[in-house]
Amino acid sequence: MKAVHAPVPLPKHRFPTEPWRLVETERSRADLGLTETLFALGNGFIGMRANPEEGRDAHSHGTFLNGFHETWPIAHAESAYGFAEVGQTIVNVPDAKLMKLYVDDEPLLLATADLDSYERALDFRTGTLTRDLIWRTPAGKRVHVRSTRMVSFEHRHLAVLSFEVTLLDDSAPVVISSQILNRQDGQDEYYVQAAALGEGKDPRTASKFEHRVLQPREQRHERDDVVLGYRCTNSRMTVAVGYRHIFETDCPASVETVVSEDQAKTVFAVEGEAHKTIRLEKLVSYHSSTGVPAPELADRCQRTLARAARTGTKALIDGQRAWLDEFWRFSDVRIDGDPPAQQAIRWNLFQLAQASARTQEQGIAAKGVTADGYEGHYFWDTEVYVIPFLAYTQPETARKLLRFRWNMLDAARRRARMLSQDGALFPWRTISGEEASAYYAAGTAQYHINAAVAFALKRYADATDDWDFMAEEGAEILIETARLWSDLGFYSTNGTQRFHIHGVTGPDEYTTVKNDNTYTNVMARFNLRFAAGLCTEIQTRLPEKWTALTRATSVSVDEIAEWLRAADAMFIPYDEELGINPQDDVFLDLEPWDFENTSPDKYPLLLNFHPLVIYRFQVLKQADVVLANFLRGSQFSTDQKRRNFDYYDPITTGDSSLSACVQSIVAAEVGYHDLAMHYFRASLFLDIADTHGNTANGVHVANAGGAWAGAVYGFAGFHDKGSDNPDQGIEFSPRIPAAWNELAFVLFRHGSRIAVSISAETLSVEIEGEPVRITVGDDSRVCTEAALTIFNLAQ
């Protein structure tokens, strides 16, 4: 094997190792952005960065609602037909986390506070963020402050916050100012020129605005409830946020509320006495819409708050724990023998829950709802990296995400027409369904997003056998994506009758607008065959649904035959001398990149070299051919995968967060066990150790899904024989790291819960539900609920 161009060694992180919590015991201003992301809370709709309750000393304040965005005109220096015209950027909505504390009229400011003790903990089992500290005030009085924050997994529009203050020494006046603050209220820092992707220093960060985004539409103070409502200036989307308090103290106290356009404030003034706890519970609700007036959203907020108050905070917290108990029953991954990896994989899995739980047929942004990185856009990340996890653990959530893509079909059809193609072309990056990528070479040219959606449908079908969905929404997506490929490609005229696809960009964005990108052609072939096979199966098994499908899409038997002809003729580049698949038709002719003389501070290359410089060389941002070897593994022999890996791994920078997990999986499969572990850890700790230096911009959600895949597909060697071969079941080819005592996880397939435990000697399976055929090596058995099934791995 060639010497591998390995990523920079992982830096150590400062968080103690615990199996079910991420904890910091020392407040640091050096990594505020990082910890605001790592300790953020969300439920797929509401996202709250881990800013301090006091509202000061923050890297970037942030509360985000999935899909809630402002639009802006993309200013191309030189425009052309079909370029994206309207940018979309997620909006930082009014902040309801604020609960400022004053003792003796002195504010608690974490940046300068004299703290006797401090702990902040994110608990993966309870879904809560707690902070516990003892503050020594400027007057020398000790004050115990404990806060808890929860974004509800059960209730999409609800967050629950609590704030407790106990004077430990002497009496003192205590003031808690609980607020909603719209920070886009005219402060200069929020009025920054918007820039198109590729025009700024770092295209991975969000655009800012030069106009006021949120226009006040509603201010309401009715008995226990305070609500503010707004409408976006350009997108016309609306939002409302409200709070209700539950206040408890045995000390004399007064309460006053003031509401204005950009701030609502309820001030609790208490004559505090030593050892008497002052407790404030704050119920918060957010609602948004593409057009419902803000006053109606305010009504919805009040209904949410009233229902939460009737339920009670204890029941809400218990419900959160119960929801997570069920999540972990199907989603947990146990790694015995590697405590740091155990903590890290659970943190990553928890991020997947926070990104997906309550999307309600919206997408999952690249950063979930933890920040505004990548503008809050949806990419192919969800389909390739996240839906496989959800399909086998939380299938109903996977179904909703696929319906989200189906709901985009009309916009995708329009986009295909604009690019002079039949069928549908999904946008490379979007919130609304319209293309928002301003840099077409690394955006719209990535037609492979169509195949990513088809791939997600295949994973979902394999895991669920959901024929109702696949025969309707799924089939319609596959028909339109297959039409795109059939029309985009062409047959060569040199007598070979090979089917070619030109002018596309694969996953590797350091090589753009090329002909016959191997990944794209392999995935297009899969898309065409999957569409044809599903349509044929529907025609045979479900004739009534086939009739409805033909009526809705005008698909015909002749058209299906043409898809199969194109798939069978698809040109897959192959170099006989090297025994590898070239990334495209000219990649092997490019000059190799000079890694030896590229200093570490020049990575990622996209921030330090003009794109034209990068495009001239053999250098990869992320796995491309190697990704095809993973996603369509049955199409390549193990030897061919190894040769491809040997060639491409040394020239893959890993500048993309989507790469390490894939490299780990393929390295494990081809027998490079140490390298597989290296890349697995690179994926596992990418955010916690901030190895890419941009976790402050939000969690890398797709990488979190990739970490699960690294364990399940990589080390467990999981493979589903597919919905088209249901009787063949699933198989495993275990290769767990030598340092691990056990790797255990659960798959939910065709309604059966399959608990898998792997050690060096055995693979054991416990079934809840219908029998499942499982194959390990040459040993194939039908496993049932009757008994634990044990496969011997000893050679």
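**Exercise 1. Decide whether serine 664 is buried or exposed, and describe its surroundings.**

Solution. In this predicted model, serine 664 has a relative accessible area of 1%. Since buried means under 20% relative accessible area, serine 664 counts as buried. The next step is to place serine 664 in its element, which is helix H16, made of residues 660-670. Finally, when residues up to four places away in sequence are not counted, serine 664 touches Ala676, Tyr679, Phe680 and Phe715.

**Exercise 2. Carry out the steps of Exercise 1 for threonine 553: which helix holds it, and which residues is it in contact with, leaving aside its neighbours within four places in sequence?**

Solution. Threonine 553 belongs to helix H11, which covers residues 543-553. With a relative accessibility of 5%, threonine 553 counts as buried. Once its neighbours within four places in sequence are left aside, the contacts of threonine 553 are Glu476, Ile479 and Arg483.

**Exercise 3. Work out the order of the strands in the open sheet that holds E2, and find its edge strands.**

Solution. The open sheet has four strands in the order E2-E3-E4-E5, and their pairing is antiparallel. Strand E2 (41-42) and strand E5 (86-92) are the edge strands, because each pairs on one side only. Now follow the pairings of strand E4, beginning with strand E3 (residues 46-48), which is joined to E4 by three bridges and runs antiparallel to it. Within this pairing, methionine 48 has threonine 63 in E4 as its bridge partner. Strand E4 (residues 63-73) also pairs with E5 in the antiparallel sense, over six bridges. Here proline 73 has valine 86 in E5 as its bridge partner, while histidine 69 stands opposite isoleucine 90 in E5. As a last step, consider burial: ten of the eleven residues of E4 are buried, so this strand is largely enclosed by the rest of the structure.

**Exercise 4. Sort the residues of strand E31 into a covered and an uncovered face.**

Solution. It helps to recall that in a regular strand the side chains alternate between the two faces of the sheet. In strand E31 (residues 789-792), Thr789 and Phe791 form the covered face, whereas Ile790 and Asn792 form the uncovered one. Strand E31 pairs with strand E28 (residues 762-768) in the antiparallel sense over four bridges, and isoleucine 790 in E31 stands opposite serine 764.

**Exercise 5. Explain why cysteine 301 has no bond to the closest cysteine sulfur.**

Solution. The closest cysteine sulfur is in cysteine 232, and it is 15 Å from the sulfur of cysteine 301. A disulfide requires two cysteine sulfur atoms within 2.5 Å, so the pair is too far apart for a bond. A search of the whole structure agrees with this step, for it finds zero disulfides. Cysteine 301 also counts as buried, at 0% relative accessibility, and cysteine 535 counts as buried at 1%.

**Exercise 6. Find how many cavities of 30 Å³ or more the structure holds, and say which helix gives the most to the lining of the largest cavity.**

Solution. A search of the whole structure finds seven cavities of 30 Å³ or more, and the largest cavity has a volume of about 80 Å³. Of the 14 residues that line the largest cavity, those closest to its centre are Val384, Tyr385, Phe630, Ile665 and Ala709. Helix H5 (381-393), helix H8 (449-464), H16 and helix H18 (701-715) each supply at least two residues of this lining, and H18 gives the most, with five residues. Sorted by character, the lining of the largest cavity holds eleven nonpolar residues, two polar and one charged.

Conventions. Residues are numbered from 1 along each chain as its sequence is written. This is a predicted model: local features need pLDDT of at least 70, side-chain atom pairs count only at pLDDT 80 or more; totals for chains, interfaces and linings use all residues. Side-chain values use heavy atoms; hydrogens and water are left out. Buried means under 20% relative accessible area, exposed over 50%, partly exposed in between (1.4 Å probe, protein chains only). Contact means heavy atoms within 4.5 Å. Two strands pair if DSSP finds at least two bridges between them. On a 1 Å grid over the protein atoms alone, a cavity is a set of points where a 1.4 Å probe fits but cannot get out, and a pocket is an open set with protein on both sides within 12 Å along at least five of seven lines; lining residues have an atom within 4 Å of a point. Grid points are joined across faces, edges and corners, and a volume is the space filled by probe spheres set on the points. Ala, Val, Leu, Ile, Met, Phe, Trp, Tyr, Cys and Pro count as nonpolar, Asp, Glu, Lys and Arg as charged, and the others, Gly among them, as polar.
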